[in-house]
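Visitor: Could you take me through a close look at the cysteines of this protein, and then show me how that part sits within the rest of the chain?

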Amino acid sequence: MAENQQAMFGHKVIFLNPDFPGHGEVFKKLAEDEYEVYFIQNYRDAKSVLREYKDSICIVYADEATVKRKMINFIVSCSKDGSLTSTIFYLITSDLNIKEKKALEEAKPCYEGVISFNPRTSFLTQAIELQLEEKNAKGRRQYVRVSCADDKDAIALAEMDGRLYKFKMHDISIVGSACAVEPKFAQFFQKGTVISSVNFSLAGKQISVGEVAVYATFTAGGVEKLVLLFKNPLVGENKDFVHNYIREKFDSDIHTIIKSHPRDEEDYSKAFAEGESEDK
């Protein structure tokens, strides 16, 4: 990712082996705080996803000894693969022994360090967010958005001057949306225009966002687009709905990548050093 793009969009945050105790509360808080979060359940799918999502932050959970060995070997393997060296790795674990620490030295600079597992989820979330802030995971944007261009039912109805206009939604966040407008109507929605009332239809749900301002207009692919900013960010049920919609889209993107690539067959159970038995 070019430096200016990274500064703008930050990093995707990918959790590998994400089902640690308290993970539900942790991930809910990260979503509320507008981090772009993805999940990979099986480490044998991880390299394919990380190759597609370059410059990601990958947070790996491993607390049980044999799983920890595999995850450490996985991180080291990624650090030696030229197609994966842009990934930033953290390991969530309760402790590391001397051999584990030494093995992870090989993975630097891709490997950044340990996020100490804490059963008190507020403290664990705080520790995770501290590292994400240090790496500027959000970039300059403060809200996660997702494409809904392929969702034919994602539309906006805008009421202005007693007339109703229909827009095709192209993306959504809790603070705004990019929409396509018919060229013949584009003249009515110049930058700075205030639209008195807008309602979105998204995944079968109607969302009223009230007053909206046209933040920008541009032409892309022969389509006239408007960037709409809500006067007030979504809250409550509507906010939760959009966050869930975003998460489901991200999950779908991950599954698409996984389905289209062969699984990783590398042996990650091997000993860290010659002479160390593999069952330790």
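**The cysteines and their surroundings**

Guide: C179 is a buried residue, since its relative accessible area is 0%. Please keep in mind throughout that this is a predicted model. When the whole structure is searched for disulfides, 0 are found, and C179 is accordingly in no disulfide, the nearest cysteine sulfur being that of C148, 7.5 Å away. A similar question can be put to C78, whose closest cysteine sulfur belongs to C58; the two sulfur atoms are 7.3 Å apart, which is too far for a bond, given that a disulfide needs the sulfur atoms within 2.5 Å. C78 also counts as buried, because its relative accessibility is 0%.

From C148, the cysteine whose sulfur is nearest to that of C179, one can pass to L202, because L202 touches C148 along with D151, A154, M169, I172, F241 and Y245, leaving aside residues up to four places away in sequence. L202 lies in strand 10, which covers residues 194–202, and L202 is buried, with a relative accessible area of 1%. The C-alpha atom of L202 is separated by 8.7 Å from that of V242, although these two residues are 40 residues apart along the chain.

To return to C78, its number falls within helix 4, which comprises residues 65–79 and whose axis comes within 9 Å of the axis of helix 5, residues 98–105, the two crossing at roughly 20°. Helix 4 and helix 5 are therefore roughly parallel to each other, and their crossing is left-handed. On the side of helix 4 the contact is made by K68, I72, I75 and V76, while helix 5 contributes E100, A103 and L104. Sorted by character, the residues of this contact between helix 4 and helix 5 comprise 5 nonpolar and 2 charged, with no polar ones.

As for the wider setting, the protein chain has 7 helices and 12 strands, and its C-alpha trace spans about 80 × 40 × 30 Å along the principal axes. Of the 280 residues in the protein chain, 47% are buried, and C179, C78 and L202 are among them. If one considers the contacts in the protein chain between residues at least 6 apart in sequence, 68% of these contacts join residues that are at least 24 apart.

Notes: Residues numbered from 1 in each chain as written. Predicted model: local features only at pLDDT ≥ 70, side-chain atom pairs only at ≥ 80, totals over all residues. Heavy atoms only, no water. Buried < 20%, exposed > 50% of the residue type's maximum accessible area, 1.4 Å probe, protein only. Axes fitted to C-alpha atoms, helices over the stretch in contact; angles between N-to-C directions. Helix = DSSP H or I, 4+ residues; strand = E, 2+ residues; numbered from the N terminus. Parallel < 35°, antiparallel > 145°, perpendicular 65-115°, else oblique. Left-handed = near helix turned anticlockwise from the far one by under 90°. Contact = heavy atoms within 4.5 Å. Nonpolar A, V, L, I, M, F, W, Y, C, P; charged D, E, K, R; others polar.
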